[in-house]
Amino acid sequence: MELLIDDKAISSAVLEAVDSLGLIPKEDAIGRTIDINEFRRKYCGGKSAPWVRLYIFDKFPETDFANGGWVIAPHATSGVKKSIIFEYEASRWIEAHKREIDWSAKI
């Protein structure tokens with residue numbers, strides 16, 4: 001016995017399943033920039049901005065854009081009013097380094 005299924009039906013079913021499983025990002029982070037407040041809420045469990053600057057930006061200097069990282073102006077300076085974070089790179093970095101960060105550290 002042979003069962004023929006239309007290719008369009010298969011493609012539609014696969015796309016529906018992938019979407020329902022959350023395998024297609026609802027919002028593509030590539031090319032997006034976020035500020036430190038959005039970053040700390042989405043990726044740092046709501047830690048304060050000073051905590052993020054101390055325990056992530058300072059402890060891991062490779063996060064600084066000047067060092068090839070994903071945050072411009074980790075500490076706002078006179079030339080730059082706020083930190084600019086490239087979300088895609090930041091999210092990947094956090095995932096790769098989450099066990100190296102001291103999440104229980106206090107300010």
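**Aromatic pairs and a surface patch**

Counting rings whose centres lie within 6.5 Å of each other, we arrive at nine aromatic pairs, and I should say at once that the model is a predicted one.

Let me take one of these pairs slowly. F57 and W70 are arranged edge-to-face, with 5.9 Å from centre to centre and 70 degrees between the planes. This pair links distant parts of the chain, since F57 belongs to helix α3, residues 49-58, while W70 is found in the loop between α3 and β2, 13 residues apart. As for their surroundings, F57 and W70 are both buried.

A further pair is made by F60 and W93, whose ring centres are 5.1 Å apart and whose planes stand at 70 degrees, so this pair counts as edge-to-face. Here too distant parts of the chain are linked, with F60 in the loop between α3 and β2 and W93 in helix α4, residues 87-97, at a separation of 33 residues. Both F60 and W93 are buried.

Which residues do the ring pairs link into a cluster? They are F39, Y43, F57, F60, W70 and W93.

Another ring has a charge for company: K47 lies over the face of W51, at 5.0 Å from the ring centre.

Finally, I would like to turn to the surface, where L3, I5, I10 and V14 make a nonpolar patch of about 400 Å². Of these, L3 sits in the segment before α1, the helix that covers residues 7-20. Is L3 buried or exposed? L3 counts as exposed, because its relative accessibility is 71% and the cut-off for that word is over 50%.

Conventions:
Residues numbered from 1 in each chain as written. Predicted model: local features only at pLDDT ≥ 70, side-chain atom pairs only at ≥ 80, totals over all residues. Heavy atoms only, no water. Patch = residues over 30% accessible without salt bridge, like charges linked within 9 Å, V, L, I, M, F, W, Y side chains within 5 Å. Areas by Shrake-Rupley, 256 points an atom, 1.4 Å probe, with all protein chains shown as cover. Salt bridge = Lys/Arg side-chain N within 4 Å of Asp/Glu carboxyl O. Helix = DSSP H or I, 4+ residues; strand = E, 2+ residues; numbered from the N terminus. Buried < 20%, exposed > 50% of the residue type's maximum accessible area, 1.4 Å probe, protein only. Phe/Tyr/Trp six-rings, centres within 6.5 Å; stacked < 30°, edge-to-face > 60°. Lys NZ or Arg CZ within 6 Å of the ring centre and 35° of its normal.
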